[in-house]
Amino acid sequence: MPARRLRITSPHDRDFERDIERIKHEQDLPLAFPDDVEQAAAEAARHPRLPGLDRTDIPFVTIDPPGAMDLDQALHIERHGDGYRVHYAIADVAAFVTAGDPVDLEAQRRGETLYGADRKIPLHPKSLSEDAASLLPDQVRPALLWTIDLDADGEDTDIDVRRALVRSRAKLDYDGVQADIDAGRIAPMWQLLREVGERRIRRQHQRGAISLDMPEQEIGIKDGHWMLTYRGRHPVEEWNEQISLLTGMAAAQLMVKAQTGLLRTLPKAEPVVATRLRHTAHALDIDWPANLSTSDFINALRADVPAHVAMMLACTAMLRGADYITFHGELPPARQHAGLAAEYTHTTAPLRRLVDRYCGEICVALCAGKAVPAWVLDALPSLPERMREASHRASRYEHAVVDLVEAVLLQHRVGEVFTGSIIEVDRHHPERGDAMVRDPAIEARVSGDQPLPLGERIQLKLLEANPEQHQVRFRLV
């Protein structure tokens with residue numbers, strides 16, 4: 001199955017909890033934190049290393065999915081001459097965690113937070129990730145304060161990051177902010193976020209970057225019953241994402257200039273991939289003019305058109321091979337992230353991803369004109385492999401949980417016929433592939449006696465829904 005984008009609400013069910021625990025044990029995932037880690041985290045929460053710079057005057061807010069407590073980023077944007085000044089506060093994990101201490105060693109083993117329904121397996125103990133280090137509202141917190149000036153076109157002109165105390169004024173969620181925007185109750189800062197976001201998206205497309213707006217599965221519970229739905233992202237989510245990308249690119253600029261750091265890379269796809277995609281578009285009867293670039297074609301696809309969704313999945317071939325590279329003293333030749341058409345790194349989610357703490361430390365040192373800390377340089381060579389392992393673990397867990405929920409939802413409906421569309425066909429066995437059902441929002445294996453009609457709406461009979469095996473299978477009627 002292709003990679004899914006998953007957004008979680010908060011279901012509660014005894015059998016589900018049992019099955020989630022079974023998945024954790026089957027995959028040998030980390031469970032509760034050891035006592036010494038919890039104790040070290042609690043002690044660190046009481047005695048953080050606080051910076052001398054106080055920027056609690058900046059009226060930051062956070063915007064995240066509902067219920068989120070591990071708040072890595074707080075945002076404020078203001079006009080600056082003909083352009084904009086972006087203030088982006090990132091949780092300062094290193095104010096609490098010391099290299100080699102119990103919390104650090106456990107984070108090294110985990111690599112990143114794992115998400116599966118509301119059964120999150122955090123990178124750091126909750127006393128830090130959802131309390132003392134989180135940028136919760138009305139709390140003074142240590143942060144890495146990024147200040148990025150942009151010109152009128154949204155291009156950065158000045159970059160700075162330093163430690164500072166900050167205070168968020170409000171904890172907002174995407175649904176609420178988008179509802180206010182749609183109702184015309186837009187606050188001045190959200191208008192600035194819209195302007196910056198739209199300008200950055202336009203520049204991204206001009207660079208030849210690729211954006212795949214895949215349908216997003218959402219697990220929830222309504223009137224005591226499980227439900228799976230697809231949702232599109234709000235515009236404000238896309239604008240906010242641009243601030244994170246902007247910061248990651250700014251961090252990459254600093255590190256490349258200093259020839260010390262860590263980048264998130266993606267190789268450029270071979271020309272044969274684009275040729276194959278043109279054949280797929282033709283088979284799906286999607287117009288692709290000869291003079292339209294691959295990136296422009298992909299960016300125009302719509303998540304509400306079945307044939308386009310099938311095309312999007314085919315286009316993920318352009319985005320394979322993402323990795324991390326480290327360097328100190330000599331720049332690697334392949335540094336770009338082809339999906340962004342830019343140099344980029346991860347630095348905005350240190351509560352949930354190990355590598356971000358190190359990138360933030362490098363950038364703070366570089367902006368202060370100081371040497372990068374030895375503990376950072378010592379860890380750099382091992383970070384790519386740690387993050388590869390963590391990413392693989394996170395993907396397996398997320399897929400297993402979604403497959404479980406799909407099977408639970410459908411286990412009493414075996415034999416029923418559903419309307420869906422074929423979104424992927426096995427190249428070697430064209431009578432097999434993957435189907436998307438809209439109600440409930442299911443992606444599952446499908447087979448038939450004939451080659452499957454890619455991108456077409458079809459009728460599917462449910463053959464199997466097995467929660468024990470996390471498996472759902474359909475057959476073309």
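Helices here are DSSP runs of H or I with at least four residues, strands are DSSP runs of E with at least two, and both are numbered from the N terminus. Keep that in mind as you click around. You're looking at a predicted model, where local features need pLDDT of at least 70, side-chain atom pairs count only at pLDDT 80 or more, and totals for chains, interfaces and linings use all residues. Residues are numbered from 1 along each chain as its sequence is written, and side-chain values use heavy atoms, with hydrogens and water left out.

**Stop 1: His 234**

Select His 234, in the loop that runs between β8 (225-231) and α7. What does His 234 touch, once residues up to four places away in sequence are set aside? Show Tyr 174, Asp 175 and Gln 178, and you have its partners; a contact means heavy atoms within 4.5 Å. Now add Ala 179: its C-alpha is 9.6 Å from that of His 234, although 55 residues separate the two along the chain.

**Stop 2: Gln 259 and His 470**

Follow α7 (235-258) to the loop before β9 (260-265), and there is Gln 259. Its phi is positive, about 60 degrees, and it is not a glycine. Most residues other than glycine have a negative phi. Gln 259 has 33% relative accessibility, so it counts as partly exposed. The cut-offs, with a 1.4 Å probe and protein chains only, are under 20% relative accessible area for buried, over 50% for exposed, and partly exposed in between.

Jump to His 470, in the loop between β16 (457-466) and β17 (471-476). This residue also isn't a glycine, and its phi is positive, near 55 degrees. Is His 470 buried or exposed? It is buried, because its relative accessible area is 14%.

**Stop 3: two nonpolar cores**

A nonpolar core is a set of buried Ala, Val, Leu, Ile, Met, Phe, Trp, Tyr and Cys residues joined through side-chain atoms within 4.5 Å. The largest one here has 55 residues, and the ones with the most contacts inside it are Phe 297, Met 311, Tyr 397, Leu 410, Val 472 and Phe 474. Colour helix α13 (residues 383-410) too: it gives the most to this core, with nine residues. For a closer look, pick Tyr 397; beyond its neighbours within four places in sequence, its contacts include Ile 20, Leu 29, Leu 114, Arg 119 and Ile 121.

There's a second, separate core of 53 residues, with Val 177, Leu 246, Val 364 and Leu 380 among them.

**Stop 4: a pocket**

How big is the second largest pocket in volume? It comes to about 460 Å³. A pocket is found on a 1 Å grid over the protein atoms alone: it is an open set of points where a 1.4 Å probe fits, with protein on both sides within 12 Å along at least five of seven lines, and lining residues have an atom within 4 Å of a point. Points are joined across faces, edges and corners, and the volume is the space filled by probe spheres set on them.

Show Thr 280, Ala 314, Glu 424, Val 425 and Arg 427, which lie nearest the centre of this pocket among its 17 lining residues. Next, colour α8 (271-283), α10 (306-315) and β13 (417-425), since each supplies at least two residues of the lining. The largest share, four residues, comes from α8. The lining divides into 11 nonpolar, one polar and five charged residues. In this count, Ala, Val, Leu, Ile, Met, Phe, Trp, Tyr, Cys and Pro are nonpolar, Asp, Glu, Lys and Arg are charged, and the others, Gly among them, are polar.

**Stop 5: two cysteines**

The structure holds zero disulfides, a disulfide being a pair of cysteine sulfur atoms within 2.5 Å. Try Cys 363: the nearest cysteine sulfur belongs to Cys 367 and is 6.6 Å away. Cys 363 counts as buried, because its relative accessibility is 0%. Cys 367, with a relative accessible area of 26%, is partly exposed.

**Stop 6: Asp 153**

Finish in the loop between β5 (140-150) and β6 (156-173), where Asp 153 lies. Its relative accessible area is 48%, so it is partly exposed. Which residues is Asp 153 in contact with, leaving aside neighbours within four places in sequence? Those are Arg 199 and Arg 203. Select Arg 202 as well: its C-alpha lies 9.2 Å from that of Asp 153, and the pair is 49 residues apart along the chain.
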